[in-house]
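Here is a short tour of a two-chain model, for anyone about to set up calculations on it. Have the viewer open and follow along.

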Amino acid sequence: MEYSEELVRELKRKAIQVRANILEMIPPGKVGHLGGSTSIADVMAALYFHTMRINKNNPKDPGRDRLIMSKGHAVLVQYACLAELGYFDRSELGKVKTFAGILQGHPDMDKTPGIEAVTGSLGQGLSVSLGVALGLRLDKSDSRVYAILGDGELAEGQIWEAAMAAAVYKASNLTAVIDWNGVQATSTTAEIFPIANLVEKWRAFGWNVIEIDGHDMIQVLLALDAAKAYTQGPTAILAHTIKGKCFPFAEGKAKYHNAAMNEEEYTIAWQCIENMKREVEA
Amino acid sequence: MRTSDSLRKTYGETLVELGEKNTDIVMLEADLGNSTMSSLFGNVYPERYFQMGIAEQNMASVAAGLSLTGKIPFINSFAVFASGRAYDQIRSSITIANLNVKICGSSAGLSDFGDGKTHQSIDDIALMQVLPHMTVLSPCDAVETEQMVKAMVETKGPMYIRINRNDLPVVTDPNSEYHIGKMTRVVEGSDVVVFATGIMVQQSMQAAKLLLEEGISVRVVNVSTIKPLDTEALLGFCEGVKAVVTAEEHSIIGGLGSTVAGALSKTRLPLDLIGVDDRYGTSAENYTILLKHYGLESEDVASRIRAILTV
């Protein structure tokens with residue numbers, strides 16, 4: 001598969017805008033999950049602005065592909081995509097996690113157009129995604145389901161129950177993307193709860209496994225298309241990422257798992273956005 | 001359609017019957033299908049029967065996903081596992097989102113007498129009724145089970161049904177109209193009212209018979225929908241009586257009794273809660289031994305009624 005320079009450049013632009021929208025949601029002093037939202041931003045941009053079949057005019061279009069944030073705390077990145085696509089007014093971004101807003105602290109399908117399920121209690125989103133995939137198959141639909149998982153989340157036993165079940169049912173319409181950023185809420189996964197042989201584990205559980213650099217847009221597109229083409233069972237895309245990606249003060253740091261930036265950091269963050277915009281047009 | 005007095009067989013047969021026309025019905029099982037009787041559905045509609053292995057948490061969340069595509073999933077296990085093992089999955093994946101998932105807690109209460117305390121559910125009503133959006137159903141016999149399962153399919157929203165493992169005598173009228181949320185008077189009386197659920201309906205009816213010979217008139221009401229509780233009907237059935245008794249095969253903490261107590265708090269009527277005290281089950285060679293041990297036989301109900309009337 002080859003991708004035009006223009007497509008790749010456009011998706012990079014979108015990824016920058018997604019990160020900008022994330023910044024807009026959490027101005028200085030407002031706590032938010034910056035780290036895990038920005039680590040998966042490139043994959044999310046590829047999914048929402050290229051790979052997935054969506055209908056922004058009808059969020060409940062039966063023929064749509066579904067994306068479920070199993071790592072629900074990183075929902076800021078999903079809000080950033082949905083706002084960009086016009087699922088709701090951009091003014092909602094400033095009201096995230098407020099009583100008046102429609103953007104809850106964790107994904108809520110009843111409050112927010114474009115959100116497909118209720119997630120936030122970690123470990124459940126892959127199972128829910130499998131259920132949707134099985135339902136779509138009963139309906140003979142060719143829609144696909146994408147589950148976004150955190151690497152820290154993989155400590156939840158239910159993930160592996162779902163992994164086994166998806167293999168048993170050969171759910172080839174299900175793709176899991178693991179945001180392998182190596183940092184969880186309080187420290188690195190290596191320190192908190194190291195899970196050895198992750199690639200081999202997913203393979204042993206019966207999945208088609210693709211390992212990529214989750215910030216390389218071409219690798220992301222190739223992996224998503226390979227998952228689509230694979231018909232023997234579910235695909236796991238293990239995406240090596242950097243927590244807090246693009247914002248140097250936050251990169252690789254557990255501190256920014258869920259934190260507020262100060263004024264100085266916020267200014268730097270916007271400078272990073274401007275720099276990236278210049279680079280992508282160069 | 002019902003071929004026996006078995007609640008669980010009736011549950012399975014009714015879903016087979018409904019599944020013919022309603023192709024949205026799907027069943028999920030965690031390797032107890034021959035006990036829950038979900039296997040009956042699997043035999044007829046294998047493509048709509050999902051064997052999920054011994055993994056109840058995944059089963060509950062997968063059911064949530066299936067309902068998101070318009071299916072009507074029934075998940076099946078023993079009541080202890082269906083409600084307790086997958087509690088957070090029911091809470092987060094199913095009830096917060098108000099999804100149309102039906103949960104069958106089979107072998108409920110003490111009815112799995114041989115398997116002992118790990119397999120006997122004295123806390124499932126408490127766990128399920130505290131969840132917003134959840135409906136909690138507790139049939140007293142096979143006739144009511146059939147009516148209830150039909151209503152579950154027709155009514156949207158998350159629901160929990162607790163089903164006794166053992167055959168029970170039919171005490172409800174097959175020609176009666178059934179609605180979720182409706183409580184039904186099964187014995188008329190005027191001195192005391194017993195609000196009973198599940199197997200305790202027939203125990204209370206027998207107690208009423210015993211007491212009638214002593215000149216005590218007992219009204220028995222079958223509360224087969226524990227949530228939402230019809231408070232208006234509840235207060236109506238309390239009119240004219242001297243005391244109120246509740247009877248359930250469940251802990252008296254968090255079950256029918258404590259909910260009724262809350263609803264009646266302003267009536268100042270004397271109230272007694274019959275159920276399992278704050279303790280777990282135990283193995284026995286038959287069901288009757290357990291009902292006796294936990295004070296759930298008709299004689300126990302009768303003596304508690306005598307006692308509350310002499311206060």
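A quick word on naming: helices here are DSSP runs of H or I with at least four residues, numbered from the N terminus. With that in hand, A:Met1 sits in the segment before helix H1 (5–25) of chain A. Keep in mind that this is a predicted model.

**The start of chain A**

How exposed is A:Met1? Its relative accessibility is 69%, and exposed means over 50%, so A:Met1 counts as exposed. A:Met1 also has company: together with A:Ile218 and A:Leu222, A:Met1 forms a nonpolar patch on the surface, and the accessible area of these residues together is about 310 Å².

Now look at how H1(A) meets helix H9 (residues 217–229) of chain A. Their axes come within 10 Å and cross at roughly 105°. That makes H1(A) roughly perpendicular to H9(A). Which residues do the touching between H1(A) and H9(A)? From H1(A) come A:Leu7, A:Val8, A:Leu11, A:Lys12 and A:Ala15, and they meet A:Met217, A:Ile218 and A:Leu221 in H9(A). So A:Ile218 turns up in this contact as well as in the surface patch with A:Met1.

**A helix of chain B and its neighbours**

Over in chain B, helix H6 (residues 87–95) has these buried residues: B:Gln89, B:Ile90, B:Ser92, B:Ser93, B:Ile94 and B:Thr95. What do they pack against? On the chain A side, the partners are helix H5 (125–138) and helix H6 (157–168). On the chain B side, the buried residues of H6(B) pack against helix H4 (56–68), helix H5 (79–85), strand S4 (102–106) and helix H7 (124–129).

**Backbone details to check**

Two non-glycine residues with positive phi are listed here.

| Residue | Phi | Loop |
|---|---|---|
| A:Asn197 | near 50° | between helix H7 (189–192) and helix H8 (198–204) of chain A |
| B:Asp31 | about 65° | between strand S1 (25–29) and helix H2 (33–36) of chain B |

As for accessibility, A:Asn197 counts as exposed because its relative value is 53%. B:Asp31 has 48% relative accessibility, so it counts as partly exposed.

There is a cis bond to look at too: the peptide bond from B:Lys227 to B:Pro228 has omega near 0°. Where does B:Pro228 sit? B:Pro228 is found in the loop between strand S10 (225–227) and helix H10 (231–237) of chain B.

Technical notes
Residues are numbered from 1 along each chain as its sequence is written. Chains are lettered from A and ligands numbered from 1 in the order in which they are written. This is a predicted model: local features need pLDDT of at least 70, side-chain atom pairs count only at pLDDT 80 or more; totals for chains, interfaces and linings use all residues. Side-chain values use heavy atoms; hydrogens and water are left out. Patches are made of residues with over 30% relative accessible area and no salt bridge: like charges are joined within 9 Å, nonpolar side chains (Val, Leu, Ile, Met, Phe, Trp, Tyr) within 5 Å. Accessible areas come from the Shrake-Rupley method with a 1.4 Å probe; for residues, only the protein chains shown count as cover. A salt bridge is a side-chain nitrogen of Lys or Arg within 4 Å of a carboxyl oxygen of Asp or Glu. Helices (H or I, at least four residues) and strands (E, at least two) are DSSP runs, numbered from the N terminus. Buried means under 20% relative accessible area, exposed over 50%, partly exposed in between (1.4 Å probe, protein chains only). Axes are lines fitted to C-alpha atoms, for helices over the stretch in contact, and angles run from 0 to 180 degrees between N-to-C directions. Angles under 35 degrees count as roughly parallel, over 145 as roughly antiparallel, 65 to 115 as roughly perpendicular and the rest as oblique. Contact means heavy atoms within 4.5 Å.
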